[in-house]
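Notebook open, viewer loaded. I wanted a quick tour of the chain before settling on a few spots to look at properly.

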Amino acid sequence: MPKLDLKGKKKEIGYLMEALHLDTKLAITKDRSNREELQAEVVDSLTSWLNDIWSVAYEFHDNYLQAHVCLLFTADVARSLAETPGRSGCKCSLMNMPIDITIKARDGSVVKSFALRGPHGIDRALLWIWREIFVSMLAHGTTSMTRRIPEMFEDIEMTIGWNALERILYGGNSSAFTEYDDFDDDGFYDEDEELHDDNAMDFVDEDGDEDYVDENEHHSHGGTCSFHASHWPVSLEQQRIRLREIVEDILHVRFRTMPSLRMFTVIRAISADPRAADLVLLQETNDNATKSSDTFAGALDIYVSKLNAYRIHVMLSSHSHLLRPRDTEVLQSAVSVLNSGGYSAFGLQILERQLFETIRAIYAAVTSVFGNIDLDEHKLDLEGILKLRAGTLERTDRIRRWSDSVVTQAAPMNPVAFAAMMMAFPMGGPIEEVGPEDPAGFLDDVDESDPDWDDLREEFRPPLKERFDGWIKLAPLWKDASAKTVMSSTYAKAVKLMPFLRGSDIVDEMVTRLNELQGKTHAARAVQSLSTFCIYQRKKISTASKQRRAVADKAAPAPPPSGPSASTSFSFSIPPQPPQPHHLFGGMEDVD
């Protein structure tokens, strides 16, 4: 039986990781780096003992806990290696490193082969081995040993994430939910995203079984399924069902703590009776929906996927205060369901309220840079600018001066240019000015799908443009005049709060200033989107005004003819003199 020397493996990996960190530091002053060679050695060391781990647990039915700890260590190092910053910020060579893993039985026959890319793809092979360990434990382990399985799943969840529990059932693959009609392509759930796996180039089974059913296929009720491996003997066949039940029970516990549509979908998919699981999950959702903001947003997302307008109405009527700005996307989907589910008036109220809250958030982002915009003297100056003809040199010059006077956070002069100016040195050419350092600049390099950064992103990079555009796109769902009234009211509130929106050239100048500052691009995009909305509303108001004037002109009585009668009969009598015109005004009426 192979020996699993975890202590020796930790020393070996530790030396390699230290050398890799040292090379990263020395690479700053050296032209040549051994980074790629060291990374390849770490990967080779991690994958070289996977066959022994599988053999000890599956073939010899021994040292299950030791094999489990070895896999945890391998997963932890693989993830640390994948998160190691690359040279000059590029990790393409590491993330595309080809990794071949072959699992062989004692007789030399190939059981499974993996062709992966990057250290982040090693998880797939590890989860496959974990499934082998668990079914072997359930078939050959003692009662006390099998009681440790939930604890082992908890270790895996802490290292890789809760979705690893589901992937273990599928042998490391992601599941497919093509069988159920409730998750259609209305934007609530994307099957294709789950089916696509960028971590694997290929996935080959070489056990020679011609009757093997690919494990990527969705499980069926009875017979060979995606929870099955073709090399398993009959004694292990029933253990896959026990393993599925254990995973389902664990996920139910997690779901009651933190309901989410993703976990709802997973539990329903792995359940032997999806419809019964559906009822249980909906009850658990209802019982835990209002415990926190996270549970409320997750429950709302689930009811949106079920098109349950009644439950959405009940939740938003009583606990809408639990929603956070970052929950806007699910709230917009909920409003769409309300409109189509008989609660259109209630949904329209939410639409109007959220539009104004988004406008206030844009206003706060603008005033963080243009802090003097609400001073009375600058308001008067702005009114004077708006009275000038657009495109004139005078208006352009006054816009620049007004912008300079209201800004409170501007891009400072480049320090080299400032020093040259103070010492009266000539500057050979234009020097790029740099703005103040953005304290949240690191957010540009982190994974956008990582929820751990949501709070910081909401504080420093709120997607105000996307939120505002999302609410505006919902307005056409209301076919009556109520939506037009809401849009007109929103325009009036926006212009009252930010009068500069009445001049698109003023907005352009402010957007330019915002783009010059690091970390303010989100505010520039939001102001530009709001300005586009205001321009469109002004055109609609102008068009409606012209139409009303045209209708009024048609309805007005025609003036009496001042010339000869248009009648075809002739009269030789002298017609009376027409009355002299009486001028009410001194000149022509000013036409807008």
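**Surface and overall make-up.** I started with the outside: the chain exposes about 32700 Å², and carbon and sulfur atoms supply 53% of that area. A reminder to myself that this is a predicted model. Next I looked up burial, and 42% of the 592 residues count as buried. For secondary structure I noted 26 helices and three strands. I also checked how far along the sequence the contacts reach. Taking contacts in the chain with a separation of 6 or more, I found that 68% are between residues 24 or more positions apart.

**Cores.** Which residues have the most contacts inside the largest nonpolar core? My list reads Ile 53, Ile 129, Trp 130, Ile 133, Phe 134, Phe 153 and Ile 156, in a core of 75 residues. I then looked at where this core comes from, and helix α6, residues 122-140, gives the largest share with twelve residues. I picked Ile 129 for a closer look. Leaving out neighbours within four places in sequence, Ile 129 is in contact with Leu 50, Ile 53, Trp 54, Leu 71 and Ile 103. Ile 53 thus turns up in my notes both as a partner of Ile 129 and on the list of residues with the most contacts in the core. Apart from this core I found another, of 66 residues. Met 487, Ala 494, Met 498 and Ala 526 are among its members.

**A helix pair.** I turned to α20 (residues 393-406) and α25 (residues 504-516). Their axes are 10 Å apart and the packing angle is about 45°, so I put α20 down as oblique to α25. The crossing of α20 past α25 is right-handed. Who meets whom here? From α20 I wrote down Arg 395, Ile 399, Arg 400, Trp 402, Ser 403 and Asp 404; on the α25 side they meet Asp 505, Ile 506, Glu 509, Met 510 and Arg 513.

**His 313.** Last stop was helix α16, residues 309-319, where His 313 sits. Is His 313 buried or partly exposed? Its relative accessibility is 23%, and buried would need under 20%, so I logged His 313 as partly exposed. Ignoring residues up to four places away in sequence, His 313 touches Leu 338, Tyr 343 and Phe 346. I looked up one of these partners, Phe 346, in more detail: Phe 346 is 33 residues from His 313 along the chain, and their C-alpha atoms are separated by 8.0 Å.

Definitions and conventions. Residues numbered from 1 in each chain as written. Predicted model: local features only at pLDDT ≥ 70, side-chain atom pairs only at ≥ 80, totals over all residues. Heavy atoms only, no water. Helix = DSSP H or I, 4+ residues; strand = E, 2+ residues; numbered from the N terminus. Buried < 20%, exposed > 50% of the residue type's maximum accessible area, 1.4 Å probe, protein only. Contact = heavy atoms within 4.5 Å. Areas by Shrake-Rupley, 256 points an atom, 1.4 Å probe, with all protein chains shown as cover. Core = buried A, V, L, I, M, F, W, Y, C linked by side-chain atoms within 4.5 Å. Axes fitted to C-alpha atoms, helices over the stretch in contact; angles between N-to-C directions. Parallel < 35°, antiparallel > 145°, perpendicular 65-115°, else oblique. Left-handed = near helix turned anticlockwise from the far one by under 90°.
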